[in-house]
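Have the model open in your viewer and keep the sequence beside it. Let's take a walk through it, one stop at a time.

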Amino acid sequence: DIDGDCRVGFGDMGLLAEQWLDDGCEGAGCADIGAGAGVDMGDFALLAEDWGERESPLVITEFMAGNSDTLDDEDGDSSDWIEIYNPTDITIDLSGWYLTNNEFNPTKWQFPAGVELDAGEFLIVFASNKNRRDPAGNLHTDFGLDADRDYLGLVSSDGITVVHKYAPSYPDQLADVSYGLTQSATTVLSEGAVASYLVPSASDSSKNW
């Protein structure tokens, strides 16, 4: 993907044609995606190999469908919330994108114009039924999240392409416990390692764990 739209297509082919045999381009939008020897047949071959491939530019990293005291909105209400993350190295304009809890209604709630997510940035949207779309304030969808399994999707501005989803439904949720994607992990025990464990008793409460 050369033009940053998270799809390998004709936009990328146009950039490759414009920069053909250019050995001086660099950074975002540069078609020299091969070994760095200039824009040539090697780059064309890589483009052809990935033709039509799509990559999700944004992901719903985390959400809470049973919030009671973990995060309050500007009204002091413990509204459910959805966290969106931009893992790319470019700013993505969310104007006209959608969030939905109904796979048959992908355009249920639309982001207002002027909402941008910088590279590596997170965005919290409250799923509160309040329907607030001021880009300068907190965003609130016109729907809430069901703790007893529900669909959740992020849809691009075409109203069709589902960029990321929890489908056909996420599992039953616990109160004040968020759910989502693992972003980092630490291996405590390697596979096949021997481990011991302790079931603590009341007398163990004073020990330094």
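Pro168 counts as exposed, at 67% relative accessibility; exposed means over 50% relative accessible area, buried under 20%, and partly exposed in between, with a 1.4 Å probe and protein chains only. You'll find Pro168 in strand β10, residues 162-170. Helices (H or I, at least four residues) and strands (E, at least two) are DSSP runs, numbered from the N terminus. Take a look at the bond just before this proline: the peptide joining Ala167 and Pro168 is cis, with omega about -5 degrees. Pro168 and Glu103 are 65 residues apart in sequence, yet their C-alpha atoms are 8.3 Å apart in space.

Before going on, a word on what you're looking at: this is a predicted model, where local features need pLDDT of at least 70 and side-chain atom pairs count only at pLDDT 80 or more, while totals for chains, interfaces and linings use all residues. Residues are numbered from 1 along each chain as its sequence is written, and side-chain values use heavy atoms, leaving out hydrogens and water.

That cis bond isn't the end of the backbone oddities. Most residues other than glycine have a negative phi, and most peptide bonds are trans. Leu21 has a positive phi, near 70 degrees, and sits in the loop between α1 (10-18) and α2 (41-49). Arg149 also has a positive phi, near 70 degrees, this time in the loop between β8 (139-140) and β9 (150-155). Leu21 is exposed, with a relative accessible area of 61%, whereas Arg149 is partly exposed at 46%.

Stay with Leu21 for a moment. Which residues join it in a nonpolar patch on the surface? They are Trp20, Met41 and Phe44, and the four together have about 420 Å² of accessible area. Such patches take residues with over 30% relative accessible area and no salt bridge, joining nonpolar side chains (Val, Leu, Ile, Met, Phe, Trp, Tyr) within 5 Å and like charges within 9 Å. A salt bridge here is a side-chain nitrogen of Lys or Arg within 4 Å of a carboxyl oxygen of Asp or Glu. The areas come from the Shrake-Rupley method with a 1.4 Å probe, and for residues only the protein chains shown count as cover. Met41 belongs to helix α2 and is exposed at 53% relative accessibility.

Now for the sheet. Strands of a sheet pair through backbone hydrogen bonds, either parallel or antiparallel; to count as a pair here, two strands need at least two DSSP bridges between them. Five strands make an open sheet with mixed pairing, in the order β8-β7-β2-β1-β11. β8 and β11 (179-180) are the edges: each has a single partner strand, so one side of each has no neighbour in the sheet.

Go across it strand by strand. β8 and β7 pair in the parallel sense over two bridges, with Val125 opposite Leu139 in β8. β7 (residues 122-127) and β2 (residues 80-85) are antiparallel, over six bridges; Asp80 has Ala127 as its bridge partner in β7, and Ile82 stands opposite Val125. β2 and β1 are antiparallel too, over five bridges, and there Val59 faces Tyr85 in β2. Two bridges then join β1 to β11 in the antiparallel sense, with Glu62 partnered by Gly180.

How many of the six residues of β2 are buried? Six of the six, so β2 is largely enclosed by the rest of the structure. Asp80, Ile82 and Ile84 point one way from the strand, and Trp81, Glu83 and Tyr85 the other way.

Two of those β2 residues lead us into the largest nonpolar core. A nonpolar core is a set of buried Ala, Val, Leu, Ile, Met, Phe, Trp, Tyr and Cys residues joined through side-chain atoms within 4.5 Å. This one has 25 residues, and Ile82, Ile84, Leu99, Phe111 and Leu145 touch the most other members. The elements giving it two or more residues are β1 (59-64), β2, β7, β9 and β10. Apart from it lies another core, of seven residues, among them Ile2, Val8, Leu16 and Leu47.

Finally, zoom in on Leu145. Leaving aside neighbours within four places in sequence, Leu145 is in contact (heavy atoms within 4.5 Å) with residues including Phe63, Trp81, Ile82, Ala127, Leu152 and Tyr170.
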